[in-house]
Each structure stands twice: as C-alpha cells, then as structure tokens.
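Open the model in your viewer and keep the selection tool handy. We will go stop by stop, from a single side chain to the whole chain.

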Amino acid sequence: DVLARAQLLKEVTHALRERPQPAGRHRPGNHDVRVFEERRPGLKEPPLPGVSFEQGAALGVPYTTAHRALFGKAKACKGETVLVHGASGGVGLAALQLARAAGLKVLGTAGSSRGLELVAREGAHEAFDHQQSGYAERILAATGGRGADVILEMLANVNLNNDLAILGRGGRVVVIGSRGKIEIDPRLTMGKDGSIAVTLNEAGCPTQAVWFVAHPCRASSDV
C-alpha cells in the first residue's frame, strides 16, 4: 500500500531530523539505515518487499516531500484532479503514485518520450509533453475546461504563471522546486479564489507557507 509506505518513510524522516548528523563525511544512506534499525530493533529484513535498507533510505525525501505537498499543503481530496508539472523526477513520480492511490485524477508532464512513458506507467491518467507548444491548452481540455484542482510545480521560475492560467476555481498550486525569479499575475488566482504555497523541496530547503486559502475539503491538519 503506497500510503502505508509513505507513513513509514515519514516516521524514518522524523527520526533523522531528531538525531544530529555524524561529524565528517559519510556515504548517503549509511546514517539513515542505522537510525532506522535503531528505531526498529531486531528488524533483519527490509520492511518493503524487494527494497533494500539502502534503497529505502533514499526514498524518504521524495515521498515525504510529495506527501506533504499533496496532503499537507494542498489538502488534496479523492475525486479531485491533480497536475504534477514535471512528473518524471523523484518527487514527481512519488506524487503520481500517492495521488493515484488516494483516488485522484492524475495528470503529469515530462519533457521526453521516455519521461512520458514513465509518467504513464507510474500512474498518470494522461501525460503531456511540456516541451510542446499548446500543452497547457491540452491539459485544460483534459479537465473539461474546469482547470486542475491541485498543481504540484517543480520549476516555478518557468511555469508558475502558466499554472495559474490552468488552475481551477478554488485550486491550489504548491511550489516544490524553483531555480530563479518569476513575475506572475495575481489576478489569475484572485478571480478563482485560488492559492499558492511553498513546501519542502528535494534539496531540503526550509518550508514556508506563502499563501493559503481555507477550503471545506482541505480540513485535515498539516503533516
């Protein structure tokens, strides 16, 4: 169960945050495995079938980032439509799987044929090439013209203003990644009662809520 796995990885991540990092350089994964084994004494086999301790330690950042963005910030609900903008990376793939498992309609983008195949295989109902002109219009058409309820954005400095144009009424954009500045038109959200938030990204940047609007469907507490 994908959601159960995400909860387990969240537990491991919290354990890592509570424990100081060892001095000096260390190979990624070693410290994670040691903390996990200490929290689960006597555990000899990895808890995820077919996944080693080292591989499991590497899953924590993308899955907890995706989980926080979807359910902590966006408060995504079953039946809603989520667009994962940049879905072929680590966080994007985790978001696809979590969203599909939670009963959302999942749209994903990628920039290559290989990426599109991966996005479709990992759970997207429809995949779009964000390198092609007019892809935003095709995404809007896939929502029946309503726009997406939730957009997870991996490259906000390029896409954020375009995201706002295809956001549905009451929709939420969660920025996970950005590599620079961008100018946006706030009126694109004001007329839709939309919202923008920023969450922990793959590089471990501090979490900061920028703007969030309450919604009955999003009553659960932050995670």
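**First stop: Thr 64**

Select Thr 64 together with Val 61: the Thr 64 side chain reaches the backbone oxygen of Val 61 at 3.3 Å. Before going further, please keep in mind that this is a predicted model.

Now widen the selection to residues 53-73, which form helix α3, the home of Thr 64. Is Thr 64 buried or exposed? Its relative accessibility is 16%, and because buried means under 20%, Thr 64 counts as buried.

**Second stop: helix α6**

Next, select residues 135-142, which make up helix α6. Colour Tyr 135, Ala 136, Ile 139 and Ala 142, the buried residues here. Why do these four lie on the same side of α6? Looking down the axis, you will find that they cover an arc of only 115°, which puts them on one and the same side of the helix. The general rule behind such patterns is that an α-helix has 3.6 residues a turn, so residues three or four places apart point the same way.

Now turn to the face of α6 that points away from the buried side, and pick out Glu 137 and Ala 141, which are exposed.

What do the buried residues of α6 pack against? Show β1 (81-85), β2 (105-110) and β3 (126-129), and then add α7 (156-165): these four elements are the packing partners.

Before leaving, step just past the end of α6 to Gly 144, where phi is positive, at about 70°.

**Third stop: the whole chain**

Zoom out and switch to a cartoon view. The chain has 8 helices and 6 strands, and starting at the N terminus you can trace their order as α-α-α-β-α-β-α-β-α-β-α-β-α-β. Of the 223 residues, 47% are buried. If you show a surface, the chain exposes about 11600 Å², with carbon and sulfur atoms supplying 52% of that area. A contact map adds another view: among contacts with a separation of 6 or more, 53% join residues 24 or more positions apart.

**Last stop: confidence**

Finally, colour by pLDDT. The chain has a mean of 79, and 68% of its residues reach 70 or more. Select residues 201-216, where pLDDT is below 50, although this stretch has 35 contacts in the model beyond near neighbours in sequence. Residues 218-223 also have pLDDT below 50, with 17 contacts counted in that way. Where pLDDT is low, the predicted coordinates should not be read in detail.

Methods:
Residues numbered from 1 in each chain as written. Predicted model: local features only at pLDDT ≥ 70, side-chain atom pairs only at ≥ 80, totals over all residues. Heavy atoms only, no water. Buried < 20%, exposed > 50% of the residue type's maximum accessible area, 1.4 Å probe, protein only. Helix = DSSP H or I, 4+ residues; strand = E, 2+ residues; numbered from the N terminus. Arc of directions from axis to C-beta. Contact = heavy atoms within 4.5 Å. pLDDT = per-residue confidence, 0-100. Areas by Shrake-Rupley, 256 points an atom, 1.4 Å probe, with all protein chains shown as cover. Polar contact = N/O pair within 3.5 Å; in protein donor to acceptor, adjacent residues only side chain to side chain.
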